[in-house]
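Q: I have a model on the screen and do not yet know how to read it. Could you take me through some of its features, one after another?

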Amino acid sequence: MTPPPPPLGRSRKRGSHVFDAALDDTALATARTALGQGRWSVVRGLLVDTGDDWDRRGHRVTALAQETTTSAWAQDWRIAEPESADAAVLFALASVQRALNGKARPDAARAACRTAAGLVPADPTPWLGLLMLERTVGTEEDVVQLFDEVRHRHPDHHHAHHLMIARLAERRADAGQDPMHEVYDFAAWAAEQAPADSPLAILPVVAHAERYRVLALAGREPADPLSSGHWVGRRARQVMKAAFDWWLEWEREDHPRNRVDLNFLAHAKYCGGRAAEAAALFHRIGNHITPAPWSYPDRDPSEAFREARNASLGTG
């Protein structure tokens with residue numbers, strides 16, 4: 001089974017961690033292995049069981065799409081079952097992944113996503129695929145329009161909000177540490193309008209990390225986050241406390257992208273010098289490491305994670 005491509009185009013060093021896009025979803029990992037062997041019927045069953053749990057469906061299809069053989073197997077599935085919307089959606093997201101990896105034309109991926117969207121009008125997943133593509137290659141107008149398409153179908157879509165924040169954070173890199181930057185306003189708005197138990201409550205932390213990425217890449221913040229005041233200012237402390245308090249009260253172990261949120265929160269707590277709180281989060285994360293935000297701005301994420309975890313837990 002081929003692992004997903006390394007983050008930020010960096011080559012994977014010997015001994016570095018292999019990041020698993022499935023996170024803690026064992027059913028997804030099993031189906032992914034089966035798909036790599038050409039047994040797409042197992043994936044069909046997985047997606048039928050997923051139903052209209054849109055965050056879980058998006059997570060599962062996106063993880064499956066990252067495998068290099070998925071496009072070919074999904075095409076075989078489409079030929080065998082031309083009426084299958086699930087086959088079309090999986091092929092569409094695999095086409096997006098191929099386009100992002102420079103293996104296919106973006107126009108072909110766009111067409112595949114729109115074909116899939118026509119088969120399942122209520123499903124936000126084909127629009128998520130388009131958002132993933134245009135977040136990298138499209139205009140800001142395209143990104144906003146596609147985000148609205150996803151939200152129209154699932155207002156609290158976790159992955160879509162993360163993509164939108166990453167794009168918004170890239171506005172006005174030369175503005176520096178602007179506490180009124182639009183990415184902070186967007187994150188606060190999204191967190192406030194979501195239900196009380198929604199993991200979108202973590203979005204202000206995500207916005208803080210994404211803005212740090214942009215500022216550090218622009219040379220306006222140190223490349224070592226521990227040397228940056230970005231994580232210890234008044235606004236940062238308020239954001240981190242609110243997010244950690246939410247986690248203590250509402251921890252959503254059942255959410256498919258739970259480990260994504262925990263990685264962002266552990267990173268923020270570590271960078272903010274809150275070792276005890278970071279340690280609690282590292283215990284929850286276990287081995288389910290995500291490249292973002294440990295790779296920010298251009299670091300080896302496995303090394304950065306290991307250093308932070310060891311320092312927080314007091315281990316060597």
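Q: How should I take the burial of Asp123, and why does this residue count as buried?
A: Keep in mind from the start that this is a predicted model. Burial is judged by relative accessible area, with under 20% as the cut-off, and Asp123 counts as buried because its relative accessible area is 1%. In the chain, Asp123 is found in the loop between helix H6 (106-119) and helix H7 (125-137).

Q: Which residues does Asp123 touch, once those up to four places away in sequence are not counted?
A: With those left out, Asp123 touches Trp54, Arg57, Val89 and Arg153.

Q: What polar contacts should I look for at the side chain of Asp123?
A: The side chain of Asp123 makes a polar contact of 2.7 Å with the side chain of Arg57, and a polar contact of 2.7 Å also joins it to the side chain of Thr125.

Q: How do I read a salt bridge, and how many are there by this rule?
A: The general idea is that side chains of opposite charge can pair when their charged atoms come close. In this model the count comes to 25 salt bridges. One of them joins Asp123 and Arg57, with the closest N and O atoms 2.7 Å apart. This pair links distant parts of the chain, since Asp123 is in the loop between H6 and H7 while Arg57 is in helix H3 (residues 54-65), 66 residues away. Both Asp123 and Arg57 are buried.

Q: Where in the chain are Glu140 and Arg171, which form another salt bridge?
A: The closest N and O atoms of Glu140 and Arg171 are 2.3 Å apart. Here too the pair links distant parts of the chain, with Glu140 in helix H8 (residues 140-153) and Arg171 in the loop between helix H9 (158-168) and helix H10 (182-193), 31 residues apart. Glu140 counts as partly exposed because its relative accessibility is 31%, and Arg171 counts as partly exposed at 25%.

Q: What does the salt bridge between Arg172 and Glu182 tie together?
A: The side chains of Arg172 and Glu182 meet at 2.8 Å, N to O. Arg172 lies in the loop between H9 and H10 and Glu182 lies in helix H10, so the pair ties together parts that are 10 residues apart in sequence. Arg172 is partly exposed, with a relative accessible area of 37%, and Glu182 counts as partly exposed at 22% relative accessibility.

Q: Which residues are linked in a network of salt bridges?
A: Asp24, Glu251, Glu253, Arg259 and Arg284 are linked in such a network.

Q: Is Glu210 buried or exposed, and how do I read its place in a helix?
A: A helpful idea is that an α-helix has 3.6 residues a turn, so residues three or four places apart point the same way. Glu210 lies in helix H11 (residues 203-217), and its side chain makes a polar contact of 2.7 Å with the side chain of Arg213. Glu210 counts as buried because its relative accessibility is 4%. Not counting residues up to four places away in sequence, Glu210 touches Ile165, Ala166, Ala169, Phe264 and Tyr296.

Q: Which residues have the most contacts inside the largest nonpolar core?
A: This core has 92 residues, and those with the most contacts inside it are Val43, Leu90, Ile165, Val205, Leu265, Phe282 and Trp294. The largest share of the core, 11 residues, comes from helix H5 (residues 85-100). If its neighbours within four places in sequence are left aside, Leu90 is in contact with Leu35, Val43, Val61, Leu64, Ala65, Thr70, Ala74 and Trp77.

Q: What covers the buried residues of H14?
A: The buried residues of helix H14 (residues 275-285) are Glu277, Ala278, Ala279, Leu281, Phe282 and Ile285. What covers them includes H12, H13, helix H15 (291-294) and helix H16 (301-313). Just after H14, Gly286 takes a positive phi of about 60°.

Q: How many cavities of 30 Å³ or more does the structure hold, and what lines the second largest cavity?
A: The structure holds two cavities of 30 Å³ or more, and about 60 Å³ of space lies in the second largest. The second largest cavity is lined by Pro199, Ile202, Trp246, Trp247, Arg252, Asn258, Asp261, Leu262 and Leu265. Helix H12 (234-250) and helix H13 (258-271) each supply at least two residues of this lining, and the largest share, four residues, comes from H13.

Conventions: Residues are numbered from 1 along each chain as its sequence is written. This is a predicted model: local features need pLDDT of at least 70, side-chain atom pairs count only at pLDDT 80 or more; totals for chains, interfaces and linings use all residues. Side-chain values use heavy atoms; hydrogens and water are left out. A nonpolar core is a set of buried Ala, Val, Leu, Ile, Met, Phe, Trp, Tyr and Cys residues joined through side-chain atoms within 4.5 Å. Buried means under 20% relative accessible area, exposed over 50%, partly exposed in between (1.4 Å probe, protein chains only). Contact means heavy atoms within 4.5 Å. A polar contact is a pair of N or O atoms within 3.5 Å; within protein, one must be able to donate a hydrogen and the other to accept it, and residues adjacent in sequence count only if both atoms are side-chain atoms. A salt bridge is a side-chain nitrogen of Lys or Arg within 4 Å of a carboxyl oxygen of Asp or Glu. On a 1 Å grid over the protein atoms alone, a cavity is a set of points where a 1.4 Å probe fits but cannot get out, and a pocket is an open set with protein on both sides within 12 Å along at least five of seven lines; lining residues have an atom within 4 Å of a point. Grid points are joined across faces, edges and corners, and a volume is the space filled by probe spheres set on the points.
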